[in-house]
Amino acid sequence: MRQIFLLSCIVFIYSSCSKNQQKPNEYPISPVSFTQVQVNDNFWAKRIKTNHDVTIPIAIQKSKETGRIDNFAIAGGLMEGEFCSPYPFDDSDIYKIIEGAAYSLQMFPDEKMEKTIDSLIYLIGEAQEDDGYLYTNRTIMGKKDHKWAGKERWVNVDDLSHELYNLGHFYEAATAYYQATGKHKILDIAIKSADLIDNVFGYGKIENYPGHQEVEIGLVKLYRVTGEKRYLDLAKFFLDIRGKGTLGEHRTYNQSQIPVVEQTEAVGHSVRAAYMWSAMADVAALTGDEQYIDAITKIWEDVVYKKLYITGGIGSSGVNEGFGEPYELPNKSAYCETCAAIANVFWNYRMFLMTGESKYIDVLERSLYNNVLSGVSLQGDHFFYSNPLESTGQNQRSEWFGCACCPSNISRFIPSMPNYIYAQKDNQIYVNLFVSSKTTFTIENKKMELEQTSNMPWNGDITITLNPEKATKAKIMVRIPDWVSNKPLPGNLYEYIDELSSEPIFKVNGKEVYTKYRLGYAIINRKWQKEDRIEISFPYQIRRIKANPKVEADINKMALQLGPLIYCAEGPDFADHEILNLVLEKDAELLSEFSPQLLGGVNIITGKASGTKRIKNSNEIETYPIDFKAIPYYAWAHRGKAQMEVWLPTAKTAARPKAVPTIASTSTIEASFYVPSIAGINDQLLPKNSADKSNALYYWWPKTNETHWIIYNFEKPTKVSETEIYWFKDIPDGGCDLPESWKLLYKSGEKWLEVNAETPYPIIEDKLNKLVFDPVTTSSLKLEVRLSKTYSAGIHEWIVN
C-alpha cells in the first residue's frame, strides 16, 4: 500500500512528470521528481548516501546537543527549562532535517531514522499551542523571550522574529514527509498553523510581511498538496505587501524597500532575496502574474551580469550577508553563503521551468558543483557557512555553527539533487545535468525508459540509451553547457580567454548527426526504438576565464574551469605551501589528469608557474620557477588550514609577493568574537578606504553596545612603542560604524595593563590611526574596543611597531 501511495502522490516541488497534461496556471515544463530518478554514478550517488548515513544523523545529534530538540519538549510541557539554543529561528533547523530525512527515506528505507523523525513530529505537535501558534521561543519564555522576537506575537515579524520563516520550513517539511510516508500527523499540524496565519494576516488584518522570506515557498507547497487556495493567496499576499503599508521598516536588507514587482536589482541579504525570487516564480506560475515574471527576469540579469561569482556564489559581503554594488566581488572576503547557493539553485530551476532556456541550468550547474558542494566536506561531517574564493589559511569547515542554517540546509538539499537532472514538456525530454542515472517518461500514454551513462565531472563523454515500450516520437533536448560554448555566462561579467578547440559531437546508433540548437539545447527529434543510443562527446578542455575589468579584485588574474568545475590552487600542493605569491602566465601550458588517490579521486591541472618575493630593504620583486597544480574548488580545505585562491595572478602586479615578516603578521590572534576573516587584520594589506571590502576584514556585526577585544600573541617577547589601526565603516548601507572608544593593553606577567599613550586614541575613517606610547617589552598586546549603542564596528588592519 505504501508503494502505491508513493507512486500516486509523491511530488517534490511540482506535479509528477509522468503526467502529460498540465494543470491550468502551472509551470510549462515539469520536473522529474528525484524519487523517479535512480542515480548510479561514482560522484553524486555516494554523496547522497553519505548525506543519509552521516549528515542527517549528525544534524540530529547536534540538534540534541544544542537544545534545539529540547526546545520543543519544553514548549510542549514534557520538560522543564528555558529556551536552550541561541536564536529564535533554531526551530527551522529541525524542520529542514525532517524534510531532508523525508527525501532520503524514499531512496534508503531506514526504520530507525523514520522512528526518530516520528518522535520529532510528536514533539512539534506537543509544542504547538491550541490555536495553532508554533514558535518555541515565545511559548517557553513568554514576555522574557529573545530580543528579536518582540513582546507580543507578530510585532517583529517584519524584522528578526523569524516566526513566519520558521513556519515556511515547517510547511516544506510537512508536505515532504506526508508525501514520503503517507503519515498525516505532521500535515495536520501544518494545516492548523497555516489556518492560524491565514486568519491573522491579510488585507484588513495584519498587513505585514516576513522579515526573512520562506513562508511563501512553504505555503505554495501546502497549497499543492491540499488544494486549499487560501494558502496560495496568502503566499501572494506576503509578496505583494512588501514595500507597502504602514507596518514595518522598509529596507533593502530584506527586499522590502519597494513593492516586489517594481524591483529590478539584487540587493540586501542574499538568502532572503533568492527565497523570495523562488516564491515569486512559483506564484507567477500558479497565478499567471506577468509582473512577477518581468521583475525576477530583470533581477536575474542584474545578478548574472554584475553580481555572480564564477563559482556560482551570490552575496559578496559578510556585513549584510548579501549583495554589494555592481562588480563588487572581492575574493578573500567573499561571503557566498552555502544557503544562498542552495537558494540560487532553487531560483534558477524555477526560471528554467518557466522558460525552457538553458542559461538558467548553466547557472544552476555552476552553483551546484562549486559553491554548494564546497559547503560540505567529502565525509559529510563538516561544513562551510561562507565560501570565499581566496584564503590566507584562516578558513576551515566546522562541525556545527551557533547559527546552523547551512548544515541543515545541506541535509535537505543533497538527497533532492536528482530532481534537477531531467524535465519534460509534452514530447520534449530535457537532459539538463550529465549524471549516470535511470528514469522513465510517459509520452502519449507510452512508457519510455531513459538511461544515462556519464563520468561527469571527469570527462565529457555521455551515452543516453532509450527503451520505449513501443516506437515513440520524442525530442531529446540535450543542454549545451556553458563550458563548451564561447561564453561562461550571459552578459560580459566573465569571458573565456581561449577558444574552444572543437565542437560537441552527437551520434545516434553510431552515426554522427547534426542537431538543431534552440534556447541552448541540441534537439534530436525522431521516432525512438528499443535500445536506441545517443552518444555525446563534449570537448573537455581547460578553459581560462577573465573577469570584466570593473571587477577590481580580478584584474590581471584568470580562473580555470574544466567541465562544470572551477579550480583553485591550494597550499598543500606547493613545496612551501605558499600560493598567494604565484604568477601563472595566460598562455602557460596546462595539462589535466585524473588522480584517483587524491581527495576521493579528482582531475588535477598541472603546469609551470612563477613564485614572487620581496627583496629585503628594497621595493623590487624577485621571481623564481615553481610547479603549478590546481584542484577542484569544492575539494579545498580537506588537508588542514592553508592558502587558497581561485583567481590566479597573470602578472606580478596582481600577485602578493612573499612579504618581509612583521611583529603583527607573525602573531597568533585571539578574539572575544570570532569570525574566520579575522586573519585579515594582519595580512599586511591596506584598504582603499574604510568602506573597502575587497580584502579580508574583521567585524563585530551584529554586536552593538558591547566591549570586545582582540589579542596579538607575539612569537617572542618584543619591545613595542606604537600601533596603527585602520577602522572599517560601511554605514549607511551596512551595520558598521567607527567605534565609540578603544584602548591598548600589554601583558605584564598575568595582568593586562594599559599602555601610557603619548597621543590621544584616534578614531578617524579612511586612514591608519596611529597611537604612540611609552615603549614596553611584552609577549602580547590586547586591543579593547567599545562598540556604539547603534552600530557595530570592524577593523581592516592592525599594525604593531
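1. Asn71 is buried in this predicted model. Its relative accessible area is 0%, and buried means under 20%, so the residue falls under the cut-off. Asn71 is part of helix 3. Leaving out residues up to four places away in sequence, Asn71 touches Glu82, Phe83, Cys84, Ser85, Thr136 and Ile140.

2. The next point is how helix 3 sits against helix 4. Helix 3 covers residues 68–75 and helix 4 covers residues 91–107. Their axes come within 8 Å and cross at roughly 105 degrees. That makes helix 3 roughly perpendicular to helix 4, because angles of 65 to 115 degrees are counted that way. On the helix 3 side the contact is made by Arg68, Ile69 and Phe72; on the helix 4 side it is made by Asp91, Asp93, Ile94 and Tyr95. Sorted by class, this contact holds 4 nonpolar and 3 charged residues, with no polar ones.

3. Helix 4 has 17 residues, and 15 of these are buried, so "mostly covered" is a fair description of this helix. From its first C-alpha to its last, helix 4 reaches 26 Å. The value expected at 1.5 Å a residue is 24 Å, and the two are close.

4. Helix 8 can be checked for length in the same manner. It has 16 residues, 185–200, which should span 22 Å at 1.5 Å a residue. The C-alpha atoms at its ends are 23 Å apart, which agrees. Just after helix 8 comes Gly202, with a positive phi of about 145 degrees.

5. Which residues of helix 8 are buried? They are Ile186, Leu187, Ile189, Ala190, Ser193, Ala194, Leu196, Ile197, Asp198 and Val200. These buried residues pack against several other helices: helix 4, helix 5 (111–127), helix 7 (163–181), helix 9 (215–226) and helix 10 (229–240). Helix 4 therefore appears here as well as in its contact with helix 3.

6. Glu365 belongs to helix 14, residues 358–374. Is Glu365 buried or exposed? Its relative accessibility is 2%, so it counts as buried. Apart from neighbours within four places in sequence, Glu365 is in contact with Leu433, Arg479, Pro481, Trp483 and Pro564. Glu365 and Leu565 are 200 residues apart in sequence, yet their C-alpha atoms are 9.1 Å apart in space.

7. The model also has an open sheet of 7 strands, in the order 2-6-7-8-15-11-12, with antiparallel pairing. Its edge strands are strand 2 (38–39) and strand 12 (511–513), each of which pairs on one side only. Strand 2 is joined to strand 6 (residues 437–443) by 2 bridges, and these strands run antiparallel. Gln38 has Lys438 in strand 6 as its bridge partner.

8. Strand 15 (residues 532–537) pairs with strands on both sides. Strand 8 (residues 461–468) is joined to strand 15 by 6 bridges, with Thr463 standing opposite Glu535. Strand 11 (residues 505–508) is joined to strand 15 by 4 bridges, with Ile505 standing opposite Ser537. Both pairings run antiparallel.

9. Side chains along strand 15 alternate between two faces. Asp532, Ile534 and Ile536 point to one face and are buried. Arg533, Glu535 and Ser537 point to the other face and are not buried. Glu535 and Ser537, the residues opposite Thr463 and Ile505, are among those on the face that is not buried.

How values were computed: Residues are numbered from 1 along each chain as its sequence is written. This is a predicted model: local features need pLDDT of at least 70, side-chain atom pairs count only at pLDDT 80 or more; totals for chains, interfaces and linings use all residues. Side-chain values use heavy atoms; hydrogens and water are left out. Axes are lines fitted to C-alpha atoms, for helices over the stretch in contact, and angles run from 0 to 180 degrees between N-to-C directions. Angles under 35 degrees count as roughly parallel, over 145 as roughly antiparallel, 65 to 115 as roughly perpendicular and the rest as oblique. Contact means heavy atoms within 4.5 Å. Ala, Val, Leu, Ile, Met, Phe, Trp, Tyr, Cys and Pro count as nonpolar, Asp, Glu, Lys and Arg as charged, and the others, Gly among them, as polar. Buried means under 20% relative accessible area, exposed over 50%, partly exposed in between (1.4 Å probe, protein chains only). Two strands pair if DSSP finds at least two bridges between them. The expected span of a helix is 1.5 Å times one less than its number of residues.
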